[in-house]
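Subject: Structure handover

Hi,

Here is the structure I promised to pass on. My notes follow below it.

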Amino acid sequence: MSNPKKNTVEEILSRLTVKEKVGQLIQISIKDPDLIEKVKSGTVGTVILAESPTAGNEVQDKVLLSELNAIQKIALESSPALPLVFARDVIHGHRTVFPIPIGQAATWNRDLVKKGGEVLAKEGRANGIHWTFTPMLDIARDPRWGRIAESYGEDPFLSAALGEACITGIEGQSLSDTTSMIACAKHYIGYGAAEGGRDYNTTEIGENTLRNIYLPPFKSAVKAGVGSVMASFNEISGSPVTGNQDLIRRLLKEELCFEGVVLSDWEAVAELLFHGVCESMEEAANLALNAGIDIEMVSTCYEKHLEKLVHSGSVKLEILEDSVRRVLEMKLKLGLLENPYTAENLGVDVYLNEHHKKIALDSATESMVLLENKNNLLPLEIELQKILLTGPMAHAREELFGTWTLDGKKSEVESLADFCKSLQASNITIGESVLHSDRLLKEVLDHEITLIALGEHPQRSGEMNSVSDLSLPAGQLDLLKKVKGIGKPVVVLLFSGRPLDLSEVRLYADAILWAWHPGTMGAQACIDLTFGIESPSGRLPVSFPRSVGHLPCYYNYKNTGRPHTRFPSNYIDSLSSALYPFGYGLSYSKVKYSPISLSKQEKKKGETLTASISLTNTGPVAVQEVVQLYIRDSKSSMTRPVKELKGFQKRFLSPNETVTVSFTIDDSLLSYYNHENKWVVESGSFEIWIAPDSVTGESVSLDFI
Ligand code: GLC
């Protein structure tokens, strides 16, 4: 072979020993007691800046850039003198913390999610972090599952669109820029289908559902050029993903042509022994590498056994080298061979600057969903009414960050109470404590309107935090009933990492503003919306069930042979529909949708058509309307959902303004994976909706001939 150019993948590969090649596939924790020795011995490719598998739930050490540069120096002064990649879970912000991902999904705003990714990358890279383990693209239909907080919700199209936006924001124009990071589409695949909503639990997913529901966000991420994919902990129908060659090597790497790095989740390679599909770590290393796991996170199966497996021929050298090439490619793309160190002064202009805080404020504002607004109580008149702010979340600060916030600081976030005090609005009283409800009731009596801030502590969502009951945390519903019992208007500001059972809450609340965990600027966003400085535009990315007993509850269900329109196939003791459906949200105005017009009633393969409506803002204030395109495949060789989101546009309308909104419909919006796993569009009729949510509006028919 001609002499490969210096510092190319092939040139580097050609000078590595098998031991050094294996070293590139190993990720160790920054807290590994043997870190320096391992780096010096060239048996480390990357370092994760996390002390434990549950970094998202704990207060851990912040990143010390000088320490990272010092470790990098040791790596470069040791053989094979290759730079390390530093990785961290910068999930929804670094020092400027954005709403939790499911809150960002509620913005239905691609551009805002992309900007959030850009901010996260600028601040993380300035802190010496090259690789972040976000976005999480798991389809999440079960609010008992704590990690629904990290998802973009229940829909494949919305998750795919926002995942692409996030990845594009994080990876930027060039990964070698000091404003970019490697993103990670996770957890591949089906993790959110955990039985009972219990984290890490078994999943049973048929191939057709896997391809049509769980795969689209990853397919979109690969198309967007995501640099890495993280395999998931779960098994699917008897096979742990971490050891599944069909899913990783064949489907992800070959069929979807993914050329980046696949890494395991924390110790998931060693956990193949707990799954019972391996009897030794040597067997686990063999199974995982052949399945397509390029990097082993933290467990030591590769470190202890891979070199021997290659020398014995159990693992082919070409399989090993395919993984090493992917890792070397990552390092070259990051520009680490030329610039392995991070300048120590970048952060000062980057962390929490005004531009970043404004984007975080916009994200928080657009993430919040107005669920109830009886008698148009909101927006309140800040000057005219005597208002009491109270409730367990009124003084919450770092709780507003939400789960998986490793670098946000309590001193850098305001509570609702802090923000209201800063307004110096004489007629807003800050209720000092909820510890004495009798005193609180007296305060309610002395005011015209009560804002009561309720909700979950972030420790109730995120990893390993699944719940069996979706009620408000203990005592909060009782508090709300007592407050409403005084007989004056009550506005509920609700902070949560997951949908909750609001079937009673809605009876006692005159208005409900659903705020998720909104991040650094959450308090201001909440108050701006409550007092009409901003108009709510959030829409639900996930269905809200009437109770935990109504799960599973999602909008894109199948019709079955006995739909409830024919038989009482629903509960005999309750409505089975969502309390608040996918795509739902109120604003401070009323938007009128015209009937849909199609540019043609029939469509042939390869043709496109346009579906349009006109929107009129009939109300007194400007709004941002999330216009949603749904399509139903009414006749197909396999059963299809009663409707599926296939497009959305967020449009601004001034008072009394009318705009036309159009969607182009091509074969891809009508296609699905059939029983042969082929991506096809089949002849037959389709129904089309353009609507404000997943349960409203009349459809029109289209024939695909
Ligand atoms: C955790 C999570 C994963 C995270 C990783 C590193 O267990 O499952 O999402 O990126 O470990 O912290």
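Let me start at the ligand: one of its oxygen atoms sits 2.5 Å from an N or O atom in the side chain of Asp-89. Please keep in mind that this is a predicted model.

Two more polar contacts are worth a look. An N or O atom in the Lys-186 side chain is 2.8 Å from an oxygen atom of the ligand. At Pro-53 the partner is a polar backbone atom, 3.1 Å from a ligand oxygen. How much of the ligand's accessible area does the protein cover? The answer is 100% of the 310 Å² that the ligand has on its own.

The ligand has 14 residues around it. Those that come nearest are Asp-89, Arg-147, Lys-186, His-187 and Asp-265.

Next, the backbone. Most peptide bonds are trans, and most residues other than glycine have a negative phi. Three places here are worth checking against that.

- Lys-186 to His-187: this peptide bond is cis, with omega near -10 degrees. His-187 belongs to strand E5, residues 184–188. Both residues of this bond are also among those that come nearest to the ligand.
- Ser-79 to Pro-80: here too the peptide bond is cis, and omega is about 10 degrees. Pro-80 is in the loop between helix H4 (65–76) and strand E3 (85–88).
- Glu-267: phi is positive, about 60 degrees, although this residue is not a glycine. Look for Glu-267 in the loop that runs between strand E9 (261–263) and helix H11 (272–275).

Last, two helix pairs.

Take H12 (residues 281–291) and H13 (residues 301–311) to begin with. Their axes come within 8 Å and cross at roughly 80 degrees. An angle from 65 to 115 degrees counts as roughly perpendicular, so H12 is roughly perpendicular to H13. On the H12 side, the contact uses Met-281, Glu-282, Ala-284, Ala-285, Asn-286, Ala-288 and Leu-289. H13 brings Cys-301, Tyr-302, His-305, Leu-306, Lys-308 and Leu-309. By type, the contact of H12 with H13 has 9 nonpolar, 2 polar and 2 charged residues.

Now H8 (residues 207–214) and H9 (residues 216–223). Their axes are 5 Å apart, and the helices pack at an angle of about 50 degrees. That angle makes H8 oblique to H9. Arg-211, Asn-212, Ile-213 and Tyr-214 of H8 make the contact with Pro-216, Pro-217 and Phe-218 of H9. The residues in the contact of H8 with H9 split into 5 nonpolar, 1 polar and 1 charged.

If you open one view, go to Lys-186: its side chain makes a polar contact with the ligand, and its peptide bond to His-187 is cis.

Best wishes

Technical notes. Residues numbered from 1 in each chain as written. Predicted model: local features only at pLDDT ≥ 70, side-chain atom pairs only at ≥ 80, totals over all residues. Heavy atoms only, no water. Axes fitted to C-alpha atoms, helices over the stretch in contact; angles between N-to-C directions. Helix = DSSP H or I, 4+ residues; strand = E, 2+ residues; numbered from the N terminus. Parallel < 35°, antiparallel > 145°, perpendicular 65-115°, else oblique. Contact = heavy atoms within 4.5 Å. Nonpolar A, V, L, I, M, F, W, Y, C, P; charged D, E, K, R; others polar. Near = heavy atom within 4 Å. Polar contact = N/O pair within 3.5 Å; in protein donor to acceptor, adjacent residues only side chain to side chain. Areas by Shrake-Rupley, 256 points an atom, 1.4 Å probe, with all protein chains shown as cover.
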